[in-house]
Amino acid sequence: MPFRSPSPASLDRMFHAGNWSKDRRAARTTAVLLGGIAWRPKSRWPGGWGVRVVVPVLVGWALGVEPGIGQDDPGGELARKIQSQQQRELAASQKLLDELKLTRGQARRLLPILDKAGALYIESYDREAKLLPELHSALTALAAEDRLNRGFTPTVERRAGQLGREEKELREAATEELAELERQAARILTSAQRQAIGLPARGTDKPGLPGDGARSVSGGQPPDDAAELERWRLGVLRAELDALNARKHRQLGRLGRQLLVPAAFESVCRLAGTGLSPTLLEAVEVYQTGRPDSPLQRVQQQREEVRRLRKEINNWNLINGLYLDQDQIQRIVSLYQAAVGDLERPRRLSKAELVELERSIEQLLNPGQLQVLAEYKACLIPPKNLKDPVRVGQANDDSAYERWLERSRRLTGPALDRAIDQVLQQESERLGELSRAERQKRAALLGRTVRRAAAMSDVEFEISKSELAARLTPPDRVGELRAEIERLARALGEPGRLSRFMLNPEFIGQLRQRGEQLVAGPERRSADLAAGPQAENCEKGCAIKPRGAAQKPPER
């Protein structure tokens with residue numbers, strides 16, 4: 001009879017029973033039910049027992065392995081992977097708590113924050129488990145069309161894009177809420193505790209910029225040694241790029257990643273001298289087993305399959321955008337195989353070997369293909385410069401601002417103010433938040449430009465709209481940084497973008513598929529001529545029998 005995990009309510013009763021910690025046998029039973037709490041007389045607290053989170057002891061239950069679920073996991077590889085991941089997370093959480101040395105009072109002040117984090121974890125898991133099957137289906141259809149390189153069916157493209165955005169919004173919303181809880185938790189820490197885990201001093205936190213070890217944009221004083229100056233500049237540019245990305249995409253620090261997670265809940269409650277609340281118990285159970293209708297192992301399988309499909313689609317997008325011919329594909333695969341040996345089990349290349357292979361392959365690409373690679377961004381739906389090779393190397397796309405000017409030049413007063421605010425909001429989501437002064441300056445530029453467009457006749461506007469829109473298009477600082485980082489890294493003997501995106505077994509495998517497709521030629525569908533339009537007097541001597549005519553059986 002398979003083991004069934006207890007309900008959160010029953011575990012809660014066990015934790016809050018008056019004599020649960022005094023009864024060693026009951027304590028051990030609770031430890032087993034939690035799948036990873038080892039009891040031993042380590043430190044004195046109510047009941048006289050200490051507790052330390054270790055590894056799940058009931059792997060089958062802790063990983064949600066029930067009859068039928070493991071059938072898609074030959075040899076239990078996925079179960080072992082999940083177990084290993086949970087062990088690492090438990091160890092990281094315990095290490096953080098060891099460094100913080102929380103007092104009982106601090107731990108108790110953290111409990112309401114942990115409750116909110118637990119509820120957020122449960123909600124995020126449930127929503128993700130519901131979304132993943134639909135996303136997997138949509139990406140499977142998109143990958144099948146991408147593989148053929150004949151363009152996307154509008155329905156397939158629209159569905160994949162919509163579900164991809166839903167997944168991204170779900171992830172970003174959860175990160176945003178957890179980041180706010182992280183800031184609340186950080187206020188409970190002393191200056192010494194903040195310093196111990198790499199957080200900035202109180203009052204210096206900036207939204208979206210984690211303080212745990214993030215590199216300083218200033219980079220300190222440049223070295224006197226000319227040989228080290230370029231490497232110093234590379235570090236400064238990478239730090240600036242990290243900061244810009246952090247402004248654009250909220251990032252969590254160590255508190256968000258290692259304290260406000262189910263792996264740490266039990267340890268914090270132990271420090272607070274209390275048991276887990278019903279919400280925290282449920283979060284721990286979801287973390288270890290998932291849900292009855294969406295067990296953890298099945299959800300993890302879907303996560304990995306979605307990641308694989310995303311990688312495949314990204315690879316096809318780049319392959320399709322490069323427009324490699326058969327000879328180029330054959331030579332790229334040959335160079336890669338000569339470097340790694342067996343394509344099925346390629347050996348790991350050193351940095352120097354990667355750089356050498358990268359330079360050899362670059363010599364096979366024409367300038368347009370090198371430009372595609374330089375501008376490539378991993379995404380589900382390829383941008384215009386990959387769909388249309390004529391656009392490769394062009395400046396930023398100003399068409400969105402042209403359309404905005406067309407609409408907004410006819411607005412005045414509050415309606416125009418709302419239109420400007422909408423642009424600022426969209427830009428902040430895409431490029432990162434602006435300071436108050438930067439936002440005011442940007443709003444003034446938008447207002448001046450749209451009023452100038454409004455003063456023009458329709459003919460004048462059509463002639464000038466491209467120039468006006470170009471003034472509004474923000475500079476692509478991220479793109480500039482990436483290009484300069486790529487140049488410096490290559491000059492210092494580091495692998496570049498070609499190595500990152502193309503020199504891996506998955507990409508080469510798909511490139512070989514494309515080579516086989518080119519050898520086979522385009523797929524031809526046999527035409528049913530009888531199904532086409534028929535001549536009025538198609539009788540004797542006609543090669544195609546009219547529809548409905550009696551068909552003479554073939555002669556033997």
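Good morning. I shall begin with K101, which is found in the loop between α4 and α5. The structure before us is a predicted model, and every remark that follows should be heard with that in mind. K101 is not a glycine, yet its phi is positive, at about 55 degrees. Its relative accessibility is 64%, so K101 counts as exposed.

A second residue invites the same kind of remark. Y323 lies in the loop between α12 and α13, the latter covering residues 326–340. Y323, although not a glycine, has a positive phi of about 50 degrees. With a relative accessibility of 48%, Y323 counts as partly exposed, because the exposed class requires over 50%.

Let me turn to the interior. The largest nonpolar core has 57 residues. The residues with the most contacts inside this core are L110, L139, L255, L259, L260, F265 and V268. Which helices supply at least two residues each to this core? They are α4 (77–100), α5, α6 (154–188), α10 (262–272), α11 and α12 (296–322). Helix α5 gives the most, with 17 residues.

One residue of this core deserves a closer description, namely L255. Setting aside residues up to four places away in sequence, L255 touches L96, L100, E182, A185, A186, L189, I197, L199 and L260.

Apart from the largest core lies another, of 27 residues. Its members include L343, L364, V372 and L498.

I move now to the aromatic rings. The count comes to 2 aromatic pairs. One of these is formed by Y121 and Y287, with 6.3 Å from centre to centre and 65 degrees between the planes. The arrangement is classed as edge-to-face, because the angle between the planes is over 60 degrees. Y121 belongs to helix α5 (residues 104–148) and Y287 to helix α11 (residues 278–289), so that the pair links distant parts of the chain, 166 residues apart. As to burial, Y121 counts as partly exposed at 25% relative accessibility, whereas Y287 counts as buried at 10%.

The other pair is that of Y376 and F501, which is also edge-to-face, with 4.9 Å between centres and 85 degrees between planes. Y376 lies in the loop between α15 (367–375) and α16 (384–387), and F501 lies in helix α22 (residues 497–502); the pair therefore ties together parts that are 125 residues apart in sequence. Is Y376 buried or exposed? Y376 is buried, with a relative accessible area of 5%. F501 likewise counts as buried, at 11% relative accessibility.

A further ring has a charged partner. The charged end of R409 sits over the ring of F461, at 4.4 Å from its centre.

Next to R409 in the numbering, we may consider S408, whose place is in helix α17 (residues 399–408). S408 counts as buried, at 2% relative accessibility. Which residues is S408 in contact with, leaving aside its neighbours within four places in sequence? The contacts are with L416, A419 and V450.

Finally, the cysteines. The count of disulfides comes to 0, because no pair of cysteine sulfur atoms meets the limit of 2.5 Å. C269 is buried, with a relative accessible area of 1%. C379, by contrast, is partly exposed, with a relative accessible area of 23%.

That concludes the presentation. Thank you.

Terms used: Residues are numbered from 1 along each chain as its sequence is written. This is a predicted model: local features need pLDDT of at least 70, side-chain atom pairs count only at pLDDT 80 or more; totals for chains, interfaces and linings use all residues. Side-chain values use heavy atoms; hydrogens and water are left out. Buried means under 20% relative accessible area, exposed over 50%, partly exposed in between (1.4 Å probe, protein chains only). Rings of Phe, Tyr and Trp (its six-membered ring) pair if their centres lie within 6.5 Å; planes under 30 degrees apart count as stacked, over 60 as edge-to-face and the rest as tilted. Helices (H or I, at least four residues) and strands (E, at least two) are DSSP runs, numbered from the N terminus. A charge sits over a ring if NZ of Lys or CZ of Arg is within 6 Å of the ring centre and within 35 degrees of the ring normal. A nonpolar core is a set of buried Ala, Val, Leu, Ile, Met, Phe, Trp, Tyr and Cys residues joined through side-chain atoms within 4.5 Å. Contact means heavy atoms within 4.5 Å.
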